[in-house]
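Thanks for coming. I will show the structure first and then go through a few parts of it.

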Amino acid sequence: MESADAKVAGSVLSDYHADSAGKLLAANVLRPDGHNAAAASLADFEDEPVSLIWSSERNGYGYFSPSAGWVGVPKERMGVYGVDFPVLFARLLVGLDIASRDGARVLVPRALWELGNARIGRRPQRVPIWFARRLSDRKIWADVADAARRRPTPHVRILLTSTPSGRLHEPGLPGHLVVSIGDAIDFDDGMAVSPEILSALLDGTPAVSPHTPLSLSPSGQRLTIHGNVTIDLKSDIHIAIIRKLVEGHQDGRRFSARELLDHAHSSAKTLRQAFGAQRWADLEPYLKSENGLWGFAL
């Protein structure tokens, strides 16, 4: 899933993943997708691939080895197999109550899909779920971040990914809980993502370093400043405004009060009015206006 074309050679499956290859093929997660006309030598212990030729006499493909003569290559070793993403998504989400009219929707070709909205834990709102692959590629990460900005969500969105957590270069994505599927799969249930693990990840608040100037929990309900100042938010309007400001702080952007209020669908005339006296008193030391544009000053 993390390779550029999401494909694997049959010889690699046979030599390195024999235990799981049969299960993946039987589950239709991997499907035949062409063939290779080259293979590593089966007789000469060479790493370099050799070109295969058709032998009508032997009714099969193979190559001539100086040490072993003609060497036939089984068809399954020549095959190329690709990930069937719709089948994969169905397997991953089988344990979740997903609401989706049209199935997975492509947002970034071959990289990002919108899977639907899931009921997770006891949350009153369904949680939107996306799936991305190859997030260790900075260009793809930028494309995914751009898609997230163009499709904002008032609540947290789960971004499942095939990229192992240790290969994620970016600290996170505002408004998103990024979860490597290897960290969330219930291995007692095949390859299904565990709703209990997702719920625990949504509920948990990761430790925040005092060197991190600004951090927003995945749900958007807790803002942490300099690792030791916490401001809890409950209103959807408050969460939407703060999420926008945190995103702007990370991108070096500031916003007019009207832009922030319109983004949060607030009828208030000022930020002070939108937050109320008590919450504004908590935020005012860190929110500053410069030339009429608001942002965090830390």
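I will start with a definition: a salt bridge here is a side-chain nitrogen of Lys or Arg within 4 Å of a carboxyl oxygen of Asp or Glu. The background is that side chains of opposite charge can pair when their charged atoms come close.

Some notes on the source. This is a predicted model, where local features need pLDDT of at least 70 and side-chain atom pairs count only at pLDDT 80 or more, while totals for chains, interfaces and linings use all residues. Residues are numbered from 1 along each chain as its sequence is written, and side-chain values use heavy atoms, with hydrogens and water left out.

Now the salt bridges. By the rule I gave, the count comes to 15. One of them joins the side chains of Glu114 and Arg105, at 4.0 Å from N to O. For accessibility, buried means under 20% relative accessible area, exposed means over 50%, and partly exposed is in between, computed with a 1.4 Å probe on protein chains only. Arg105, with a relative accessible area of 46%, is partly exposed.

Another salt bridge links Asp262 and Arg258, whose side chains meet at 3.1 Å, N to O. Helices (H or I, at least four residues) and strands (E, at least two) are DSSP runs, numbered from the N terminus. Asp262 and Arg258 are four residues apart in helix H8, residues 257-263, so about one helical turn separates them. In general, an α-helix has 3.6 residues a turn, so residues three or four places apart point the same way. Asp262 is partly exposed at 45% relative accessibility, and Arg258 is partly exposed at 37%.

A third case is Asp251 with Arg253, where the closest N and O atoms are 3.6 Å apart. Asp251 has 39% relative accessibility and counts as partly exposed; Arg253, at 34%, is also partly exposed. This pair belongs to a network of salt bridges that links Arg149, Glu247, Asp251 and Arg253.

That brings us to helix H7, residues 236-251. How far apart are the end C-alpha atoms of H7? They are 22 Å apart, which agrees with the 22 Å that its 16 residues should span at 1.5 Å a residue. The expected span is 1.5 Å times one less than the number of residues.

At the N-terminal end, Ser235 caps H7, with a side-chain oxygen 3.1 Å from the backbone nitrogen of Ile237. Just after the helix, Gly252 takes a positive phi of about 75°. The buried residues of H7 include Ile239, Ile242, Leu245 and Val246, and also the charged-network member Glu247.

H7 lies across strands E15 and E16, and runs at about 140° to E15. Axes are lines fitted to C-alpha atoms, for helices over the stretch in contact, and angles run from 0 to 180 degrees between N-to-C directions. Contact means heavy atoms within 4.5 Å.

The strands under discussion belong to an open sheet of three, in the order E15-E16-E17, with antiparallel pairing. Its edge strands are E15 (214-216) and E17 (229-232), each of which pairs on one side only. On average, neighbouring strands of this sheet are turned by 15° against each other, direction ignored. Two strands pair if DSSP finds at least two bridges between them. E16, residues 222-225, and E17 have four bridges in the antiparallel sense, and Ile225 stands opposite Val229 in E17.

Next, strand E8. Are its faces covered or open? Both are covered: Gly79, Tyr81 and Val83 are buried on one side, and Val80 and Gly82 on the other. E8 pairs with strand E1, residues 7-9, in the antiparallel sense over three bridges, and Gly82 is the bridge partner of Lys7.

Asp84 follows in the loop between E8 (79-83) and helix H4 (85-92). Is Asp84 buried or exposed? Asp84 is buried, because its relative accessible area is 18%. Leaving aside residues up to four places away in sequence, Asp84 touches Asn28, Val29 and Arg31.

Last, Trp294, in strand E19, residues 293-296. Trp294 counts as buried at 19% relative accessibility. Its C-alpha atom is 5.3 Å from that of Arg254, although the two residues are 40 apart along the chain. Beyond residues up to four places away in sequence, Trp294 touches, among others, Leu245, Arg254, Phe255, Leu260 and Trp280. Of these, Leu245 is one of the buried residues of H7.

Key
A polar contact is a pair of N or O atoms within 3.5 Å; within protein, one must be able to donate a hydrogen and the other to accept it, and residues adjacent in sequence count only if both atoms are side-chain atoms.
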